[in-house]
Amino acid sequence: MSRIHRRVKAAVAVTLAAALAVGCSSGSDGPAAGSQDSVDAALKAGGTITYWSWTPSAKDQVAAFEKEFPNVKVNYVNAGTNKEQYTKLQNAIKAGSGAPDVAQIEYYALPQFALTDSLANLDQYGFGAFEKDYAPSTWSSVRVNNGLYGLPQDSGPMALFYNKEVFDAHGIAVPKTWDEYVAAAKKLHTADPGKYLTSDTGDPGFATSMIWQAGGKPFTSDGRNVKVDLADAGTKKWTATWNQLVEGKLLAPIKEWSDDWFRALGDGTIASLVTGAWMPGNFKSSVPGGAGKWAVAPMPTYDGQPVTAENGGSTQSVLKQSGNPALAAAFVRWLNHGNGVKPFIASGGFPATTADLNSPAFLDQADPYFGGQKINQVLNDASKNVAKGWSYLPYQTYANSVFSDTVGKAYLGGTSLDAGLNAWQQAIVDYGNQQGFTVSAG
Amino acid sequence: MATFSVTRPRKSRVLTAVMALYLIYTLVPLVWLVINATKTQPALFTTSGLAFGGPFALFDNIGETFTYDNGIFLRWLGNTLLYVVAGAGGATILATAAGYGLAKYRFPGRRAVFAVVLGAVAVPGTALAVPTFLMFSELGLTNTPLAIIIPSLISPFGLYLIWVYASDAIPDELLEAARIDGAGEIRIFLTVTLRQLAPGIVTVALFTVVSTWNNYFLPLIMLSEPKWYPLTVGLNQWSAQASGAGAQPVYHLVLTGSLLTIVPLVIAFLLMQRYWQSGLSAGSVKQ
């Protein structure tokens with residue numbers, strides 16, 4: 001009976017990809033001060049490592065790395081995109097074998113793996129010294145409970161992407177505040193009921209980023225103890241704004257990332273998007289009809305003072321299961337603090353390294369898709385204005401997976417988001433407690 | 001006064017209209033798929049979904065589907081065929097042998113087997129995927145083709161179907177006659193039974209082929225390396241990498257790949273349809 005019970009419990013945990021064996025999350029990684037000597041030695045000795053990633057630049061990066069270090073073989077595997085890969089990673093960790101040496105992990109999912117002691121703390125190799133080389137918001141994303149679990153690869157500071165043609169045709173000025181944004185949404189939809197200022201069918205990544213920008217800090221944790229408060233001042237600030245769009249049915253009822261959505265972005269049905277700095281590449285590849293029409297402006301704020309949040313972004317981490325963690329760490333260092341950054345930028349990625357962000361070549365690049373606008377200047381400003389002090393849940397992937405069951409109902413019915421967030425909070429608290437955390441609601 | 005009979009059934013306009021609507025509802029996704037597989041990636045996002053538009057690119061798309069990412073699609077196709085031949089083929093053989101045995105031999109525990117099989121029919125394969133993963137993980141078989149083939153060998157529904165079919169289709173007298181003629185049990189199975197069971201076997205083969213071909217969740221959980229993916233998981237990977245940060249928009253390949261993926265199934269249906277129809281109606285009329 002207890003055996004079956006254990007099986008069932010384990011099964012549930014694996015499916016949800018958030019099985020958190022909290023009992024083993026002790027900070028046994030030794031002193032924070034380390035040196036990079038062992039990493040250099042491992043690189044010289046060579047060997048074979050496995051790397052899981054789905055980024056388009058990964059292949060080029062691996063090829064460039066192997067060319068530079070011929071005695072190292074990197075076995076590149078695309079094990080799936082984000083959630084899918086996390087599930088596999090979690091399964092391999094649970095099973096005790098089969099995990100790669102290095103894996104791509106998004107910032108929102110990093111705490112989940114870091115706090116379950118599945119990742120190597122890179123402080124032991126002295127990577128903490130690189131702090132000054134990265135945008136502060138991304139550095140804080142790879143630091144979890146004083147451990148360093150990766151080097152930032154890309155960042156997604158948010159900005160306002162808008163269809164200039166539609167804005168001009170309806171005499172809408174680029175909104176600087178959220179009040180102006182809501183007013184613009186009403187104006188546009190009233191003037192042309194077939195058009196919407198933006199779309200949002202309930203995306204947890206977007207919601208958390210918006211709460212982040214509003215100054216909310218709904219998730220706090222020290223690993224074992226978690227506090228969830230999805231009704232704090234910042235969250236309320238966001239819902240007070242966004243409720244007007246949800247309840248007023250001013251959001252395009254078009255699912256994000258669907259072919260309908262791309263078409264709507266191209267033909268003017270959706271006239272703006274507030275999203276991460278990585279979006280331009282998607283515009284160019286998937287919204288060919290929007291070329292020359294779209295432009296970039298700073299994200300609207302509540303009081304007119306510039307402030308943004310991160311949306312997306314990821315890092316590479318060394319797995320505890322790795323048979324050669326020093327070599328794996330050397331690869332991570334090369335990817336994000338060496339020659340690996342170039343192929344990443346070349347593939348259209350938005351870097352996290354300040355030297356690249358501030359280089360004149362990057363800033364002065366006029367983008368033909370955006371009518372020749374130097375969009376990186378706007379996006380670089382955004383990366384400097386990311387609100388501080390945000391953290392994700394230690395089981396954010398699970399929380400995000402139940403977002404549509406809870407908050408999604410508010411989107412579907414056009415009712416207040418606050419009730420939906422309350423239901424989400426309940427689900428988060430219940431699940432965390434079942435998984436062995438001590439979760440309290442704020 | 002009745003103006004209808006079995007050979008001249010009464011016509012119902014309402015029923016016809018409802019069925020016509022249902023037919024359209026069923027066919028629209030297929031039509032959408034066929035239409036959109038002929039479009040280039042940019043045309044996909046600029047033209048209406050239910051009309052042809054842009055340059056006709058079906059053959060370019062097919063070519064690109066087979067060559068994209070070093071021809072991984074072909075590898076996935078090969079994997080799927082392997083899983084279908086070994087998994088569905090094995091399942092059909094096992095179901096046939098077991099179903100026949102249960103129908104025609106008397107042994108203790110037969111009723112218990114019946115209960116277990118009926119119960120197993122009710123459990124969806126998806127629900128078993130995670131426990132199976134944990135078991136295979138302990139055996140060190142995850143991320144190998146065996147992890148897909150072995151679970152596919154079990155088809156309780158197929159077993160049940162053969163069981164029921166064999167009870168009706170093979171008269172006990174026939175077996176007795178064979179035994180009197182001196183044939184052993186294995187020879188009877190191979191020369192007498194199999195021929196009698198052919199329509200049932202084809203039906204079971206069709207079911208297991210379709211379910212193995214479409215199997216998604218089990219390989220998704222079991223496999224981590226794309227080189228072992230079947231088409232379902234592979235296409236989903238293409239679809240997933242087509243959106244999000246730094247995406248490679250290959251939606252046109254996802255659509256063309258999906259179209260190519262259903263072609264073998266359509267062929268299998270057309271080829272086996274004849275057997276299948278006679279198999280389903282077997283025993284429904286007493287002659």
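## A walk through two chains

Start with two helices of chain B: H7(B) crosses H9(B) in a right-handed manner. Everything on this tour belongs to a predicted model.

**Stop 1: H7 and H9 of chain B.** Select residues 156-169 of chain B to light up helix H7. Then add residues 185-214 of chain B, which form helix H9. The axes of H7(B) and H9(B) are 10 Å apart, and the angle between them is about 165°. An angle over 145 degrees counts as roughly antiparallel, so H7(B) and H9(B) are roughly antiparallel to each other. To see where they meet, show side chains on H7(B), including B:Phe157, B:Leu161 and B:Tyr165. Across from H7(B), the residues of H9(B) that take part include B:Leu197, B:Val204 and B:Phe207.

**Stop 2: H8 joins in.** Keep H9(B) on screen and select residues 172-180 of chain B, helix H8. How are H8(B) and H9(B) oriented to each other? Their axes come within 11 Å and cross at roughly 140°, and they are therefore oblique to each other. This crossing is right-handed. On the H8(B) side, colour B:Leu174, B:Leu175, B:Ala178 and B:Arg179. They meet B:Glu185, B:Ile188, B:Val192, B:Thr193 and B:Gln196 of H9(B). B:Gln196 is also in the list of H9(B) residues that meet H7(B).

**Stop 3: one threonine.** Next, pick B:Thr232, which sits in helix H11 (residues 231-240) of chain B. Is B:Thr232 buried or exposed? With a relative accessible area of 18%, B:Thr232 is buried, because buried means under 20%. Apart from its neighbours within four places in sequence, B:Thr232 is in contact with B:Trp213, B:Asn214, B:Asn215 and B:Tyr216.

**Stop 4: chain B as a whole.** Zoom out and show chain B as a cartoon. How many helices and strands does chain B have? There are 12 helices and zero strands. The C-alpha trace of chain B spans about 70 × 70 × 30 Å along its principal axes. Of the 287 residues in chain B, 41% are buried. Now think about contacts between residues at least 6 apart in sequence: in chain B, 71% of them join residues at least 24 apart.

**Stop 5: a strand pair in chain A.** Move to chain A and select residues 272-276, strand S12. Five of the five residues in S12(A) are buried. Add residues 158-163 of chain A, strand S7, which is joined to S12(A) by five bridges and runs antiparallel to it. For one pairing, click A:Ala159 and its bridge partner in S12(A), A:Thr275.

**Stop 6: a covered helix.** Select residues 375-384 of chain A, helix H17, where seven of the 10 residues are buried. Among those buried are A:Ile375, A:Val378, A:Leu379 and A:Ala382. What covers the buried residues of H17(A)? The cover includes S7 from the previous stop, along with helix H12 (279-286) and strand S13 (294-298) of chain A.

**Stop 7: the cores.** In soluble globular proteins, nonpolar side chains tend to be buried together. The largest nonpolar core here has 110 residues, and A:Trp238, A:Trp242 and A:Trp424 have the most contacts inside it. Helix H13 (residues 325-337) of chain A gives this core its largest share, nine residues. Finish by selecting a second, separate core of 37 residues; A:Tyr196, A:Leu363, B:Leu33 and B:Ala37 are among its members.

Methods: Residues are numbered from 1 along each chain as its sequence is written. Chains are lettered from A and ligands numbered from 1 in the order in which they are written. This is a predicted model: local features need pLDDT of at least 70, side-chain atom pairs count only at pLDDT 80 or more; totals for chains, interfaces and linings use all residues. Side-chain values use heavy atoms; hydrogens and water are left out. A nonpolar core is a set of buried Ala, Val, Leu, Ile, Met, Phe, Trp, Tyr and Cys residues joined through side-chain atoms within 4.5 Å. Buried means under 20% relative accessible area, exposed over 50%, partly exposed in between (1.4 Å probe, protein chains only). Helices (H or I, at least four residues) and strands (E, at least two) are DSSP runs, numbered from the N terminus. Two strands pair if DSSP finds at least two bridges between them. Axes are lines fitted to C-alpha atoms, for helices over the stretch in contact, and angles run from 0 to 180 degrees between N-to-C directions. Angles under 35 degrees count as roughly parallel, over 145 as roughly antiparallel, 65 to 115 as roughly perpendicular and the rest as oblique. A crossing is left-handed if the near helix is turned anticlockwise from the far one by less than a right angle, and right-handed if clockwise. Contact means heavy atoms within 4.5 Å.
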